[in-house]
Structure formats: C-alpha cells, structure tokens
Amino acid sequence: MSDDDTREFVKSTYNISRASGTEIVIAPPQHLLKWLSDLDTKIMAQHVDIAEPGSSTGHIVPTLLKNSGIYGAIINHSEHRVPLSHITKIIDALNKLNMVSVVCTQTVDETITCAKLEPDYVAIEPPELIGTGKSISTQQPALIRDARSSIDKLNVQTKLLCGAGIVNGSDVSTALKLGSSGILVASGVVKADDPLQILEELAYAFTSV
C-alpha cells in the first residue's frame, strides 16, 4: 500500500470495528505513526526502545510516542527480538505512561516468562508459520491451548493473543475456542486482494464464538 492508501485503509477499519463490535488496533510502519494518530482507530508502534527524550538519536522513545497520541507498542516481534531485560524495562515504561504493551513470544515457555512480567498482552507466534497462510490455530493448536492454560495458572491480568498464518474467519474462530483473546495479523490482511474484506471477515468472526 502507498502511504495514502494506508491512511484510507486505517480510516475504514474504524467503521468495521464499530459495526462488528471488535476492537481493531493498527501497527503501521513507524514513519506513519504521527500521521495516522489523528484518526479514530487506535494506533500502535511496531517497536519501542528503552530511551528517554534527550540524547536518544535514532531511538523510538516511549514518552514521545505517548505525546504523539500512540496507544501502545509491540515488543519483541520475531523480526525485532530484544533481550528479556529490555522487555522488562519497556513494559515498565509503557505502564507508567498508561500505554498498552503487547509482547510477542515464540514458545509456551517464553510466553510464561513474559506473562510473569505482566504486560497487557502476550502474543504467541511460531515464526515458521508467519506469512505462510498456514494458521497457528490449525497447524499448532496446542501452542494456544497450552499457553492459555499456563497463563491461567499465574496471578496476572495479562491476556493471550496469537498470530502467524491467520487468513480467514475460521482461523480466528478456532483460535478463540482454543483460548486466545484475540489475534495478530499482518500479511493475511495487507497482502490480500481485498484487505478490507478480509479484515471484516476476521472482525465478525469474533461475534460467532
């Protein structure tokens, strides 16, 4: 999508969210964050650093994201992994700013470790399925089920998301039945012939479970 197409897409997601009753949060390329923050749809950063305003050239600063109207940030995506010590500090920084934290994980053990840090969400995504069109909910359902069971044993409010290979409403419904509270999706929407149609299908799948 061009930048202008992305803005029009994000505008339309608000209507889908309102009509379906499903919360939709968009994590666009970083250079578009401020440009999209004036829209009704919640905007989240794809990554954030441990940094404060000042001597932080090249860093993505949590406080500046907050000042720009950004809702929260993804942490530790499979394409931008960070050490556990950084994850801890970033979650703390976002919490202090009342921003939402979504920590990506690849295994059940990593999910447990990160859930103990009490982010708002942990999102389990097996990297080998990302972008394949083969959904985690059908290919590796035990990951969702076991991750949810493990989180339930912890005294935390962290919710479980899942991602990787999700391309249709059936994938979403299955994930929800396995214990996920929501999904992360990228290529399944943005690479579709009709991204808004697919997004609408995914959103309405939440109402059928």
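Let me start with Cys-114, whose sulfur lies 9.6 Å from the closest cysteine sulfur, the one in Cys-104, and that is too far for a bond. Please keep in mind throughout that what we have here is a predicted model. Seen from the other side, the closest cysteine sulfur to that of Cys-104 is the one in Cys-114, again at 9.6 Å and too far for a bond. The cut-off that this reasoning needs is 2.5 Å between the two sulfur atoms, and a search of the whole structure with it returns 0 disulfides. Are these two cysteines buried or exposed? Cys-114 is buried, with a relative accessible area of 1%, and Cys-104 also counts as buried, at 2% relative accessibility.

Now to the strands, where I would like to take β3, residues 72-75, as the point of reference. Gly-72 and Ile-74 point one way from this strand while Ala-73 and Ile-75 point the other way, and all of them are buried. As general background, the side chains of a regular strand alternate between the two faces of the sheet.

Which strands pair with β3? On the one hand there is β2, residues 42-45, which runs parallel to β3 and is joined to it by 2 bridges, with Met-44 standing opposite Gly-72. Between these two strands the chain passes through helix α3, residues 62-67, and the resulting β-α-β crossover is right-handed. On the other hand there is β4, residues 100-105, also parallel to β3 and joined to it by 4 bridges, and here Ala-73 stands opposite Ser-101. With helix α4, residues 84-96, between them, β3 and β4 make a β-α-β unit that is right-handed as well.

That brings me to the packing. The largest nonpolar core has 51 residues, and those touching the most other members are Ile-75, Ile-124, Ile-136 and Cys-162. The helix that gives the most to this core is α10, residues 195-205, with 5 residues. Ile-75, which we met in β3, has contacts that include Ile-87, Ile-90, Ile-91 and Leu-94, and also Ser-101, Val-102, Val-103 and Cys-104, if we leave aside residues up to four places away in sequence. There is, moreover, a second, separate core of 9 residues, and among its members are Cys-104, Ala-123, Leu-161 and Leu-184.

So where does Cys-104 belong in this picture? Cys-104 is part of the second core, and its sulfur remains 9.6 Å from that of Cys-114, too far for a bond.

Note on methods
Residues numbered from 1 in each chain as written. Predicted model: local features only at pLDDT ≥ 70, side-chain atom pairs only at ≥ 80, totals over all residues. Heavy atoms only, no water. Buried < 20%, exposed > 50% of the residue type's maximum accessible area, 1.4 Å probe, protein only. Pairing = 2+ DSSP bridges. Right-handed = clockwise from strand over helix to strand, strands pointing away. Core = buried A, V, L, I, M, F, W, Y, C linked by side-chain atoms within 4.5 Å. Contact = heavy atoms within 4.5 Å.
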